[in-house]
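Here is a short briefing to read with the model open beside you. It looks at a pocket, an annotated region and some helix pairs.

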Amino acid sequence: DPQQIELASKRKLRRFIVIDEVVDKLYGSKVRAYFRENNVQHKILSLPTTEETKSMDLVLNILQEVQSFSLDRRTEPIIAIGGGVCLDIAGLAASLYRRRTPYIRVPTTLLSYVDASVGAKNGVNFLQCKNKLGGYTPPVASFLDRSFIQSIPRRHISNGLGEILKMALMKHKGLFDLLKNHGKYLLDTKFQSCNGFAHHGDAALQTTRIAIETMLEELAPNLWEDDLDRLVDFGHLISPELEMRVLPSLMHGEAVNVDMAFMTYVAHARGLLDSGEKEQILQCMQGLELPVWHSGCSWALIQRALRERLKHGGGQTRMPLPTGLGVADIFNDTSEETLERAYKLWVKD
């Protein structure tokens with residue numbers, strides 16, 4: 001509305017920012033200086049955003065602060081700066097405040113850069129279940145800046161590579177080859193574009209771009225998840241149960257990779273992957289410094305997770321499995337005998 005824009009331009013700019021407390025220590029002074037220099041009235045709420053604190057209590061905490069700041073929900077978007085948990089919590093708070101307040105995502109980890117920045121979902125954990133409460137409210141924008149990634153620990157970069165590998169195995173052989181050939185380099189350089197490394201090309205830019213493009217291809221036509229057959233669910237059948245059960249020993253991308261490793265054995269047991277392809281996938285995972293097994297992933301946990309999957313999948317498992325390197329399909333007919341055979345071989349290896 002041109003009238004609203006004109007009115008807004010006459011008012012002093014105001015912004016409410018939710019920032020992860022670790023990110024605040026690293027970049028908070030720059031964020032504050034930016035708003036001061038641009039004469040923006042601002043409130044910065046620094047919070048501990050981890051899987052353990054990802055709760056409705058934190059959402060209500062944000063909403064109390066938003067209410068006292070007195071946001072205009074049409075012209076003053078909430079800005080979330082942090083990893084996936086921070087973006088999820090702030091997104092849910094924005095979606096609840098006056099039914100829908102616009103918000104902007106600024107991801108600061110590799111995982112949130114390629115995963116949480118894309119799509120409409122937000123949510124919090126509830127009753128020890130991952131993202132049990134949430135909704136579908138897309139941000140008005142996601143601002144992507146890889147320079148944030150240089151300040152995160154190596155393990156966190158490996159964690160993000162788990163979600164990138166998911167898209168590679170499901171949809172893009174070229175992305176799989178990039179990870180296989182340049183994985184160590186990406187870890188060593190923390191996804192920064194470095195001059196003087198011509199033999200690697202710009203592996204960081206290519207990898208993140210393809211990962212986001214393939215994710216968007218999958219999510220955009222099915223933003224509200226009306227179709228439950230989703231390739232992006234690969235690695236997410238068992239991992240939610242595993243991740244919450246063993247907190248904080250596994251990060252999200254690590255739990256996803258343990259799930260993907262098991263499902264690679266399931267695909268092999270079904271004859272969808274030959275031994276060479278299975279080994280290539282496992283070697284790539286290990287090259288990315290991702291766990292390919294975890295003692296907490298028991299046969300009982302797998303059975304329980306798949307029962308939950310049946311419950312929420314309309315009575316079908318809707319199991320995405322690789323049928324080669326970079327190609328996949330969804331299956332509803334994997335027998336318990338096949339799953340158990342795959343599990344025993346996985347544990348043995």
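The notes below go through these topics in turn.

This is a predicted model. Its second largest pocket has a volume of about 460 Å³, and three helix pairs are described further down, beginning with helix 3 and helix 4, whose axes are 9 Å apart. A record also adds a domain annotation, which covers residues 46-158.

**The second largest pocket**

- If you would like a starting point for your view, the residues closest to the centre of this pocket are Val-31, Tyr-34, Ile-81, Val-106 and Phe-148, out of 17 that line the second largest pocket.
- Two or more lining residues come from each of strand 1 (14-20), helix 2 (21-37), strand 3 (78-82) and strand 4 (103-107).
- Helix 2 is the element that gives the most to this lining, with six residues.
- As for chemistry, the lining of the second largest pocket holds 13 nonpolar residues, one polar residue and three charged residues.

**The annotated region**

- An unreviewed UniProt entry carries the annotation "domain: 3-dehydroquinate synthase N-terminal" for residues 46-158.
- Within residues 46-158, helix accounts for 35% of the chain and strand for 25%.
- The C-alpha atoms at the two ends of residues 46-158 are 26 Å apart.

**Helix 3 and helix 4**

- Helix 3 spans residues 56-69 and helix 4 spans residues 84-96; the two pack at an angle of about 55°, with 9 Å between their axes.
- Angles from 35 to 65 degrees fall outside the parallel and perpendicular classes, so helix 3 and helix 4 are oblique to each other.
- Their crossing, helix 3 with helix 4, is right-handed.

**Helix 9 and helix 10**

- Helix 9 (residues 239-246) and helix 10 (residues 252-269) have axes that come within 9 Å and cross at roughly 130°.
- That angle makes helix 9 oblique to helix 10.
- Helix 9 and helix 10 make a right-handed crossing.

**Helix 7 and helix 11**

- For helix 7 (residues 173-189) and helix 11 (residues 275-287), the axes come within 9 Å, and the crossing angle is roughly 20°.
- Angles under 35 degrees count as roughly parallel, and therefore helix 7 and helix 11 are described as roughly parallel to each other.
- The crossing in which helix 7 passes helix 11 is left-handed.

Conventions:
Residues are numbered from 1 along each chain as its sequence is written. This is a predicted model: local features need pLDDT of at least 70, side-chain atom pairs count only at pLDDT 80 or more; totals for chains, interfaces and linings use all residues. Side-chain values use heavy atoms; hydrogens and water are left out. On a 1 Å grid over the protein atoms alone, a cavity is a set of points where a 1.4 Å probe fits but cannot get out, and a pocket is an open set with protein on both sides within 12 Å along at least five of seven lines; lining residues have an atom within 4 Å of a point. Grid points are joined across faces, edges and corners, and a volume is the space filled by probe spheres set on the points. Helices (H or I, at least four residues) and strands (E, at least two) are DSSP runs, numbered from the N terminus. Ala, Val, Leu, Ile, Met, Phe, Trp, Tyr, Cys and Pro count as nonpolar, Asp, Glu, Lys and Arg as charged, and the others, Gly among them, as polar. UniProt positions are given in the numbering used here, feature names are shortened, and annotations may be inferred rather than shown by experiment. Axes are lines fitted to C-alpha atoms, for helices over the stretch in contact, and angles run from 0 to 180 degrees between N-to-C directions. Angles under 35 degrees count as roughly parallel, over 145 as roughly antiparallel, 65 to 115 as roughly perpendicular and the rest as oblique. A crossing is left-handed if the near helix is turned anticlockwise from the far one by less than a right angle, and right-handed if clockwise.
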